[in-house]
Amino acid sequence: MAAVALRRRSFHQRRQSLVEYSDEELIRRYRPDGNGIRFVASLIAPDVEPTTTCNHALDASQKTLITLRYLRKFQLCNADDQGVSQPTISRAVNDCIRSLSSDRIVKHFVRFPLQLRDIRRHQTNFYQVANFPGVVGVIDGMHVQIQAPTVNENEFVNRHHYHSINTQIAFDSEDRIIDVVARWPGSAHDSRILTNSGLYQLFDHNVVPIGCHLLGDSGYPCKKWLLTPFLRPLAGPQTNYNRSHKRTRSSVERAIGQFKRRFPVLHGEIRLKPEKACKVIIAYAVLHNICKDRNIPIPPTDGHDGFGRHDGQNGGLPGITTPVAALRCREHFANTNFPCKMILGSSIIVSELEL
């Protein structure tokens, strides 16, 4: 009987991107720089490092590069470029996204400031914008478009008539993400998402010190700790309050713009099932904060300016119920902190009552 010749597996040469590319090129291709990529790899290594070296298994660094490239372009890398098969690349991406969106990592990099020194720093920074006291963060909703799901498809259609994940996102005074909730379909209202979030519990249970405020638009119910604009402001303190509120809260637009410029895929459609799309959004938030912590710049834009649609609720939609006590608290806050004549920045604001 003739012997059967065994075919030896051939392994392609794998690109050494961390060696071949400069930090500038690495940022353009992957978003973190060389040291940032190594840092991300060390974070997810406990979850993705192979248990064997047989068959040239991908290590954590190689899996990280593959995943970052995927998240940058949202296309699976060319298998020939990486020297591995397409199924191997798919498995590496799934493993890394699962790790980056895990509680272990998210709680470390996306957290609300609770230390007194951090709270005071952010309150000071926000106050310097337009003299609005006590602000520790700004909050908004961001719709991330997804492909039409096959299950409960109608629930994902938002008020702009496309399928999305309505993502709650909050930023501090340094444009760092301090809260992100990505698990609700596009039809969910911002106020409902907030009420069912951990951020709500932090304030409602006084874990965050009294006197700390979030600023939100009129899509949110007014709370003692969540200040929204007056829908029909009277001349004087209410008008001054709204003017200062608008200037201070506008930082959320800038912060969302930075987030989208770093990851332009957020401008388009994530062609994944909702469950996986939610994990990808969380992974983006973690990576964004890592880049902020390490002072990694945002590369030049690729046709997006970062200030495209984010489609928060904006505009006081019907169905928002605000307790009378909260409205009185806001009115007292405006009367106390925004009198008829006040200094806003370098200019004096005079009430219309005095004109």
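A residue is called buried here when its relative accessible area is under 20%. By that criterion, buried residues make up 52% of the 355 residues in the protein chain of this predicted model. The chain contains 14 helices and eight strands. Among its contacts with a separation of 6 or more, 69% join residues that lie 24 or more positions apart.

**Helix α4 and its surroundings**

- Helix α4 covers residues 60-73, and its 14 residues should span 20 Å at 1.5 Å a residue; the end C-alpha atoms are 20 Å apart, so the expected and modelled spans agree.
- This helix is mostly covered, with ten of its 14 residues buried.
- The buried residues of α4 include Ala 60, Leu 65, Ile 66, Leu 68 and Leu 71, and also Lys 63 and Arg 72.
- At the start of α4, the backbone nitrogen of Ser 61 has a side-chain oxygen of Asp 59 within 3.2 Å.
- After the helix comes Phe 74, which has a positive phi, near 55 degrees.

**Packing of α2 against α4**

- Helix α2 (residues 23-30) and α4 have axes that come within 8 Å and cross at roughly 60 degrees.
- An angle from 65 to 115 degrees would count as roughly perpendicular and one under 35 degrees as roughly parallel; α2 and α4 are therefore oblique to each other.
- On the α2 side the contact is made by Arg 28, Arg 29 and Tyr 30, and on the α4 side by Leu 65, Leu 68, Arg 69 and Arg 72.
- By class, this contact of α2 with α4 has three nonpolar residues, four charged residues and no polar ones.

**Packing of α11 against α14**

- The axes of helix α11 (residues 237-249) and helix α14 (residues 324-337) come within 8 Å, crossing at roughly 90 degrees.
- The two helices α11 and α14 are therefore roughly perpendicular to each other.
- Pro 237, Gln 238 and Tyr 241 of α11 meet a group in α14 made up of Arg 330, Glu 331, Phe 333, Ala 334 and Asn 335.
- Four nonpolar, two polar and two charged residues take part in the contact of α11 with α14.

**Helix α13**

- For the 20 residues of helix α13 (residues 274-293), a rise of 1.5 Å a residue gives an expected span of 28 Å, which agrees with the 29 Å between its end C-alpha atoms.
- Of the 20 residues in α13, 15 are buried, and the helix is thus mostly covered.
- Just after α13, Asn 295 adopts a positive phi of about 55 degrees.

**Arg 104 in helix α7**

- Arg 104 belongs to helix α7, which comprises residues 103-109.
- With a relative accessible area of 43%, Arg 104 is partly exposed.
- Beyond its neighbours within four places in sequence, Arg 104 is in contact with Leu 43, Ile 44, Pro 46, Asp 47 and Ser 99.
- Leu 43 is 61 residues from Arg 104 in sequence, while their C-alpha atoms are 9.8 Å apart in space.
- A polar atom of the Arg 104 side chain lies 3.0 Å from the backbone oxygen of Leu 43.
- The side chains of Arg 104 and Asp 47 are joined by a polar contact of 2.8 Å.

**His 143 in strand β1**

- His 143 is located in strand β1, which runs over residues 135-146.
- His 143 counts as buried because its relative accessibility is 3%.
- The side chain of His 143 makes a polar contact of 2.8 Å with that of Ser 164.
- The side chains of His 143 and Asn 158 also make a polar contact, at 3.5 Å.

Methods:
Residues numbered from 1 in each chain as written. Predicted model: local features only at pLDDT ≥ 70, side-chain atom pairs only at ≥ 80, totals over all residues. Heavy atoms only, no water. Helix = DSSP H or I, 4+ residues; strand = E, 2+ residues; numbered from the N terminus. Buried < 20%, exposed > 50% of the residue type's maximum accessible area, 1.4 Å probe, protein only. Polar contact = N/O pair within 3.5 Å; in protein donor to acceptor, adjacent residues only side chain to side chain. Expected span 1.5 Å × (residues − 1). Axes fitted to C-alpha atoms, helices over the stretch in contact; angles between N-to-C directions. Parallel < 35°, antiparallel > 145°, perpendicular 65-115°, else oblique. Contact = heavy atoms within 4.5 Å. Nonpolar A, V, L, I, M, F, W, Y, C, P; charged D, E, K, R; others polar.
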